[in-house]
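Here is a short tour of one protein model, written for someone who thinks at the bench. Have the sequence and the 3D view open as you read.

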Amino acid sequence: MEKGSRDSSQQAASSARKEASDSKRGRKEVLKDLSSSDAALLFSNSWLSHIPLLTVAMCEPNAQPSLAFVTSQIAKGWNSDFCWASCFEPNFLAALMYEGYLPTAHGSIKPKEYILLPKLHQQRCIINFEDLHVPKGLMRRSRGYKLSTDSRFDEVVAMCLEQHSESWLHPPLVQGFKGLFRCGGVGQVRIHSIEVSHNGELVAGELGYSVGKSYCSLSGFTRASSAGSVQCVALGLLLHQRGFEFWDLGMGMKYKHQMGAKDCPRMSFLAQLHRVRDQPKPDLKIEDKATDELLSMAFRAGQYVRIKNEHPQLGGKIAIVSDRCGAWLKVLLEGQDKQIVNLPPHLLEDACPASSTDSAGDGSDLPSSLRGLGMRNQLNSMRLKGGGQAGEAASASKGDEGSQEETDSHLTTLKANRPLLSEAKVQHHRLWETRLSRRKALRPLLMEILERRERDSGLSKRGKRVLRKLKRREKE
C-alpha cells in the first residue's frame, strides 16, 4: 500500500511539473504576438492570462480577428464580465463602447500603474421608456431646478470623483473621456455630461455616452435632497423626447430597478444595441431647461386626443388621456370596447385645438373680451387710477359714442394707458378667452362621439340631453 501511494504521489507531481512547463511554454508563445507593454503586463500579472485581452490592432480595418468577432465569441462563451487592455486612447474607448463594453479602469498594477477593464455584463440593466417610473410629487420637488447637457463637463467629472473617489474612474480613463468629449466623439459614439443646477450651482449630474440611439450612464453625483431623483427622471424623459430607443444603466442595482429598469441577458442587450447603434444620432444638447417643464405631461389627464395616422392600427381614432405610463401616456380609446393602450406622446395630437385668442390688432395686445366690456367703464376706471389723458378721453366720449372717430380715440387712449390696466386682469381675460375658444372647438368633437355612441349602444338620459343641447347650439 505504501509503495502504491508513493507511486501515485510521484505521478501527480510529475504531471503538475509537466502542466507548469506546458503553461510556461504556452505563455512564451502568446507573449511573442503581443506588444511589449501588454507582454510586460501579462508576464508580471499572471491573473491577467485568465481574462480575454482586447488590443488596438483588433480595431484596424480587415483585422484578424476583429474586435467585433472577439466580442461575439466572448458574449457566447465567457462566463465573466471583464476583459482587459492597456490602451486608453479616445478612439479605442469609442470602439469598445460601440461594441457594447462599458469602460472601467483598475489601479495598482505593475509595471503600469493602471489598466483598462472593459466590462461586458452578463446581465445589463436597461430601461425601456414606457417602464420609466415617475414618482408622484416629483414635479413639485423639481421646481427651481434647471437641466443642461454638455455645458460643464469638467465640473461634473470633478464632482463624480469627489463623491465616489477613484473607484474605477482613474486618471488615464478620465483623460480618455475628456479627449473623446473635446473631439466631439468618434463615429456614432458621443460622450456627455448631464447637469442639474439650482440658482447656478450644480446640485446633481452624471457622465454618460450615446451610441446611435442608445444612451448609457457611467457615473453620477448628487449634492441636494431629491436632486438625484429629479436628474434621473428628467434625463429619462429628455432621452425619450429626443428619440433614444433605450437607456442603458450598466450593472443592476436596487434604485435602478425602482426606476423601472430590468436586467437584460448579454446576448439580448447586444442585439438591441446592434439594432440602434448605426441609426442617426439624436441631438441631446439642451441649455437650462426647467425640470418641472420636462416632468409635466404633454397632455393633461382627461384631455381628448387624436392618434396620428403614423400609427398603423389606431391612426385617426379618438382617445382620452388617462394617466402617465413612464415617458408614454395611457389613453382610453373611444368605442364599444373601451380599450386602454400606452402610446408615446409624439403619436398624439390635441383632438380639438383651440384657436389663438384674438388681440387688439393695433399693438395694444389687449384680449378682445377686455376691450368688449364697455369703453366708457374702462376709461372711467383709468381716470380714477391715473386721471390726465384718460379723463380727457372720458369727457370727449360723452358725444356720439357710435362714431368711428370716437371709437378710434378710445382705442388710442387704451393703448396709451395700457400700463395703468392691471396685468392680473389682462391675464385673467386672456385665460378666459382661451378656455372659451377650447369649449367651442370641443363641441363638434363631443357631438361626433355622442352620435357614434348613440348608434352603437344608445345613450343615457343625460347623454341624450347633452347631445340635444349641443345640436341646438350648433344651429344657433
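A residue is called buried here when its relative accessible area is under 20%, and exposed when that area is over 50%. With that cut-off in hand, please keep in mind that this is a predicted model. Three places are worth a visit: a strand within a sheet, a helix with two sides, and a single threonine.

**Strand β3 and its sheet**

- Strand β3 covers residues 123-127, and 4 of its 5 residues are buried, so the rest of the structure largely encloses this strand.
- Which strands belong to the sheet, and in what order? The open sheet has 8 strands, arranged β9-β3-β8-β7-β6-β5-β4-β10, with mixed pairing.
- At the edges lie β9 and β10 (289-290), each of which pairs on one side only.
- On one side, β3 runs antiparallel to β9 (residues 262-265), and 4 bridges join the two. Within this pairing, Cys125 stands opposite Asp263 of β9.
- β3 also runs antiparallel to β8 (residues 246-248), here with 2 bridges. Ile127 has Trp247 of β8 as its bridge partner, while Ile126 stands opposite Asp248 in β8.

**Helix α17 and its two sides**

- Helix α17 takes in residues 461-475, which makes 15 residues; at 1.5 Å a residue it should span 21 Å, and its end C-alpha atoms are indeed 21 Å apart, so the two values agree.
- Which residues of α17 are buried? They are Gly463, Leu467 and Leu470.
- Looking down the axis of α17, you will find its buried residues within an arc of 65°, so they line one face of the helix.
- The packing partner of these buried α17 residues is α16 (423-456).
- On the other side of α17, you will find Lys461, Arg462, Arg468 and Lys475 exposed.

**A closer look at Thr71**

- Thr71 sits in helix α3, which spans residues 67-77.
- Is Thr71 buried or exposed? Its relative accessible area is 3%, so Thr71 counts as buried.
- Which polar partners does its side chain have? The Thr71 side chain reaches the backbone oxygen of Leu67 at 2.7 Å, and it makes a polar contact with the side chain of Tyr101 at 2.9 Å.
- Setting aside neighbours within four places in sequence, Thr71 is in contact with Glu99, Tyr101 and Leu120. Tyr101 therefore appears in this list as well as in the polar contact with the Thr71 side chain.

Note on methods:
Residues numbered from 1 in each chain as written. Predicted model: local features only at pLDDT ≥ 70, side-chain atom pairs only at ≥ 80, totals over all residues. Heavy atoms only, no water. Buried < 20%, exposed > 50% of the residue type's maximum accessible area, 1.4 Å probe, protein only. Pairing = 2+ DSSP bridges. Expected span 1.5 Å × (residues − 1). Arc of directions from axis to C-beta. Contact = heavy atoms within 4.5 Å. Polar contact = N/O pair within 3.5 Å; in protein donor to acceptor, adjacent residues only side chain to side chain.
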